[in-house]
Amino acid sequence: MAARRFLLLAAALTGVALAHYAAPLPLSAVAPAKAQFGLPFAGPPGPDTWMLGQGYGNTTGAYRQRRSTYGNLQGIHAGLDFSAPCGTPVRAIGDGVVAEVDGPHGSPPHNVVVDHAGNLSSLYGHLRVRSSVRVGQRVTRGQVIGESGDSQGTCVSAPHLHLELRDRSHQRFLNPLPFIAADWNSLALAGSFGRGYEYDLERPRRWQTPDSQPDARRGGPLLNEYRRPWPPAAGGAR
Ligand SMILES: [Zn+2]
């Protein structure tokens, strides 16, 4: 009896593990980028509303934490950060179905995942409180699905929304820029991020613009283990 219970438990845990570490969908199964989504906020950007914070990809911040926070994401910041006061309404970027509320796919304390057509999923992270939407609920583009929060929980230190675009297996992370209709150049200029990408001095032009950032795979090798990084790694190049 105990053995049978153990087997059931093992099977259940394996199922969870498989769901979390499924093979990524082939790129051919994922809808191509054609600005099919909108921004996660209504109204114009600004210092009192929302602004682009950290970009997607090979950012200096992700480089510094490439072996810790971002070690399982090939060392890159796998989403876009939007600075916003806590409590700013967060909106679905496209029509879809709520797949997870506070699910296992990161960005605590609260998060929502919406599945969209074309095997795409959007994740809204660091929400202040648990969202009132339910798993299985249909949502439409622009519908409020939560309130922005702070990754450090203070609403003062780092209030922002972390937005990711993934394939539906949650194994492949896509640069959201070409999928979201917005004036990204102006947003990048106005935001606090600046250029903000880590240089590989042996290939100094690679991954230095918002729209040239690499896709990433969960568990893949680090993309930014540079021999000659700039800014240099704390304590030397290693
Ligand atoms: Zn982020």
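Which residue in strand 11 is the bridge partner of leucine 165? I opened my notebook with that small puzzle, and the partner turned out to be leucine 174. A reminder to myself before going on: this is a predicted model.

**Entry 1: around strand 10**

I stayed with strand 10, since that first pair had led me there. Strand 10 and strand 11 (residues 172-174) run antiparallel and are joined by two bridges. I then looked at the hairpin these two strands form, and found four residues between them. In that hairpin, histidine 170 takes a positive phi near 65 degrees.

Next I listed other neighbours of strand 10. Strand 9 (residues 149-150) is joined to strand 10 by two bridges, again antiparallel. There I found aspartate 150 standing opposite proline 159. Strand 2 pairs with strand 10 in the antiparallel sense over four bridges, and in this pairing serine 83 has histidine 160 as its bridge partner. Strand 6 also pairs with strand 10, antiparallel and over six bridges. In strand 10, histidine 162 is the residue opposite glycine 125.

I wondered how many of the nine residues of strand 10 are buried. The count is eight, so strand 10 is largely enclosed by the rest of the structure.

**Entry 2: the zinc ion**

Histidine 162 came up again when I turned to the metal. Which protein residues are the donors of the zinc ion? I noted His77 through NE2, Asp81 through OD and His162 through ND1, at 2.0 to 2.2 Å from the ion. I wrote down their spacing along the sequence as H-x3-D-x80-H. Aspartate 81 belongs to strand 2 (residues 80-83) and histidine 162 to strand 10 (residues 159-167), so this pair ties together parts that lie 81 residues apart in sequence.

Are aspartate 81 and histidine 162 buried or exposed? I checked each in turn, using the cut-off of under 20% relative accessible area for buried. Aspartate 81 has 9% relative accessibility, so it counts as buried. Histidine 162 has a relative accessible area of 6%, so it is buried as well.

**Entry 3: strand 5 and its two partners**

I moved on to strand 5 (residues 110-116), where seven of its seven residues are buried. I recalled that side chains in a regular strand alternate between the two faces of the sheet. With that in mind I sorted the residues by side. His110, Val112, Val114 and His116 sit on one side, while Asn111, Val113 and Asp115 sit on the other, and all of them are buried. Both faces of strand 5 are therefore covered.

Which strands pair with strand 5? One of them is strand 4 (residues 96-101), which pairs with strand 5 in the antiparallel sense over four bridges. Valine 98 stands opposite valine 114 of strand 5. Another is strand 6 (residues 120-127), antiparallel to strand 5 over six bridges. Here I found histidine 110 opposite leucine 127. Strand 5 and strand 6 form a hairpin with three residues between the strands, and its glycine 118 takes a positive phi near 80 degrees.

**Entry 4: serine 122**

While on strand 6, I picked out serine 122, which is found there. Serine 122 has a relative accessible area of 1% and is buried. What does its side chain contact? I found a polar contact with the side chain of histidine 116 at 2.7 Å. I noted another polar contact, with the side chain of tyrosine 124, at 2.7 Å.

**Entry 5: glutamine 208**

I then left the strands for a loop. Glutamine 208 lies in the loop between strand 12 (199-200) and strand 13 (216-217). Its relative accessibility is 6%, so glutamine 208 counts as buried. The side chain of glutamine 208 reaches the backbone oxygen of glutamate 198 at 2.9 Å. A polar atom of that side chain also lies 3.4 Å from the backbone oxygen of arginine 206.

**Entry 6: a cavity**

Last, I looked for enclosed space. How many cavities of 30 Å³ or more does the structure hold? I found one, and the largest cavity contains about 60 Å³ of space. Ten residues line the largest cavity, and the closest to its centre are Leu52, Gly55, Ala188, Tyr197 and Pro210. I sorted the lining by class and got nine nonpolar residues, one polar and no charged ones.

Key
Residues are numbered from 1 along each chain as its sequence is written. This is a predicted model: local features need pLDDT of at least 70, side-chain atom pairs count only at pLDDT 80 or more; totals for chains, interfaces and linings use all residues. Side-chain values use heavy atoms; hydrogens and water are left out. Donors are N, O and S atoms within 2.8 Å of the metal (3.2 Å for Na, K and Ca); water is not among the atoms, so sites may look incomplete. Buried means under 20% relative accessible area, exposed over 50%, partly exposed in between (1.4 Å probe, protein chains only). Two strands pair if DSSP finds at least two bridges between them. A polar contact is a pair of N or O atoms within 3.5 Å; within protein, one must be able to donate a hydrogen and the other to accept it, and residues adjacent in sequence count only if both atoms are side-chain atoms. On a 1 Å grid over the protein atoms alone, a cavity is a set of points where a 1.4 Å probe fits but cannot get out, and a pocket is an open set with protein on both sides within 12 Å along at least five of seven lines; lining residues have an atom within 4 Å of a point. Grid points are joined across faces, edges and corners, and a volume is the space filled by probe spheres set on the points. Ala, Val, Leu, Ile, Met, Phe, Trp, Tyr, Cys and Pro count as nonpolar, Asp, Glu, Lys and Arg as charged, and the others, Gly among them, as polar.
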